[in-house]
Amino acid sequence: HPRFRQLVLAIIAVSALVSAGEIAYFLRRGIHPLPGGERAFLVVTIVADAMALIGALELRRSLLRALHWYDHAILIEITIGQVFLYASQQLAASLNLLALLVLWALVRGAIHFESASAGSGPGLTPTPVDEPPTVP
């Protein structure tokens, strides 16, 4: 459904703005006064944002491929970034984790939706979904 795609893209855009805000918050006094955990979280956030940017660039070619890039970026933030953030700011990390899990569920739903529709939308090219190899 076209509205579903628009909703997913709008939420991803909002999450990119929030992530940019996180980076600005941590860099407000420079990177050197940051404790090690916050510095590591900042690096992970920048890496995840770079992956999300690659996903944004992939949008013209394949929505499904772009969603996979977003999926990987979110998982990096959940599995690595949250560990460092939690060490220094438990409440912020808990709220951030909740938002990331909601976003991840939305992206996974969009991947499932796009895989099921097999790229039937205008301007979309189907992308092969990872399937287990077949044994002859």
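Good morning. Helices and strands are here taken as DSSP runs, of at least four residues for a helix and at least two for a strand, and they are numbered from the N terminus. Read in that way along the sequence, the protein chain before you follows the pattern α-α-α-α. That is 4 helices and 0 strands. Please keep in mind throughout that this is a predicted model.

Let me begin with confidence. The chain averages a pLDDT of 80, and 85% of its residues score at least 70. Among the elements, H3 has the highest mean pLDDT, at 89, while H1 has the lowest, at 81. Over residues 121-127 the pLDDT stays under 50, although the model has 14 contacts there beyond four places in sequence. Where pLDDT is low, the predicted coordinates should not be read in detail.

Next, the chain as a whole. It has 136 residues, and 32% of them count as buried. If we take contacts between residues at least 6 apart in sequence, 63% of these join residues at least 24 apart. Two pairs illustrate how distant positions in sequence meet in space. Ala-16 and Ala-52 are 36 residues apart in sequence, and their C-alpha atoms are 8.1 Å apart. Ala-16 is found in helix H1, and it counts as partly exposed because its relative accessibility is 44%. For the second pair, Glu-77 and Val-47, the separation is 30 residues along the chain and 8.9 Å between C-alpha atoms.

Now to the helices themselves. Helix H2 covers residues 36-58. Its 23 residues, at 1.5 Å each, should span 33 Å, and its end C-alpha atoms are 33 Å apart, so expectation and model agree. The buried residues of H2 include Phe-41, Leu-42, Val-44, Thr-45, Ala-48 and Met-51, and also the charged residues Glu-38 and Glu-58. An α-helix has 3.6 residues a turn, so residues three or four places apart point the same way.

Helix H3 covers residues 63-88. Its 26 residues should span 38 Å, and the end C-alpha atoms are 36 Å apart, which agrees. Where is the kink in H3 centred? It is centred on Gly-81, and the angle is about 45°.

I turn now to two acidic residues that deserve a closer look. Glu-77 is found in helix H3. It is buried because its relative accessible area is 8%, which lies under the 20% limit. Which side chain of opposite charge is nearest to Glu-77? It is Arg-28, 16 Å away, and Glu-77 has no salt bridge. Beyond its neighbours in sequence, Glu-77 touches Ser-19, Glu-22, Val-44, Thr-45, Ala-48, Asp-49, Gln-82 and Leu-100.

One of those contacts, Glu-22, has a place in helix H1, residues 2-27. Glu-22 is also buried without a salt bridge, and its nearest side chain of opposite charge is Arg-28, 12 Å away. Leaving aside neighbours within four places in sequence, Glu-22 is in contact with Phe-41, Thr-45, Glu-77 and Asn-96. Thr-45, in H2, is thus among the contacts of Glu-77 and among those of Glu-22.

Other charged residues do find partners. Side chains of opposite charge can pair when their charged atoms come close. How many salt bridges are there? The count comes to 3.

One of them joins Asp-71 and Arg-108, with 3.0 Å from N to O. This pair links distant parts of the chain, with Asp-71 in helix H3 and Arg-108 in helix H4, residues 90-117, 37 residues apart. Asp-71 counts as buried because its relative accessibility is 4%, whereas Arg-108, at 36%, counts as partly exposed.

The remaining bridges involve Glu-58. It forms a salt bridge with Arg-61, the closest N and O atoms being 3.5 Å apart. Glu-58 also meets Arg-65 in a salt bridge, at 3.3 Å from N to O. Arg-65 is partly exposed, with a relative accessible area of 33%, while Glu-58 counts as buried, because its relative accessibility is 11%. The shared partner is what brings Glu-58, Arg-61 and Arg-65 into one network.

To close, I would ask you to set two buried glutamates side by side. Glu-77 has no salt bridge, whereas Glu-58 has one with Arg-61 and one with Arg-65. Thank you for your attention.

Note on methods:
Residues are numbered from 1 along each chain as its sequence is written. Side-chain values use heavy atoms; hydrogens and water are left out. The expected span of a helix is 1.5 Å times one less than its number of residues. The bend at a residue is the angle between axes fitted to the seven residues ending there and the seven starting there. Buried means under 20% relative accessible area, exposed over 50%, partly exposed in between (1.4 Å probe, protein chains only). A salt bridge is a side-chain nitrogen of Lys or Arg within 4 Å of a carboxyl oxygen of Asp or Glu. Contact means heavy atoms within 4.5 Å. pLDDT is the predictor's confidence in each residue, from 0 to 100.
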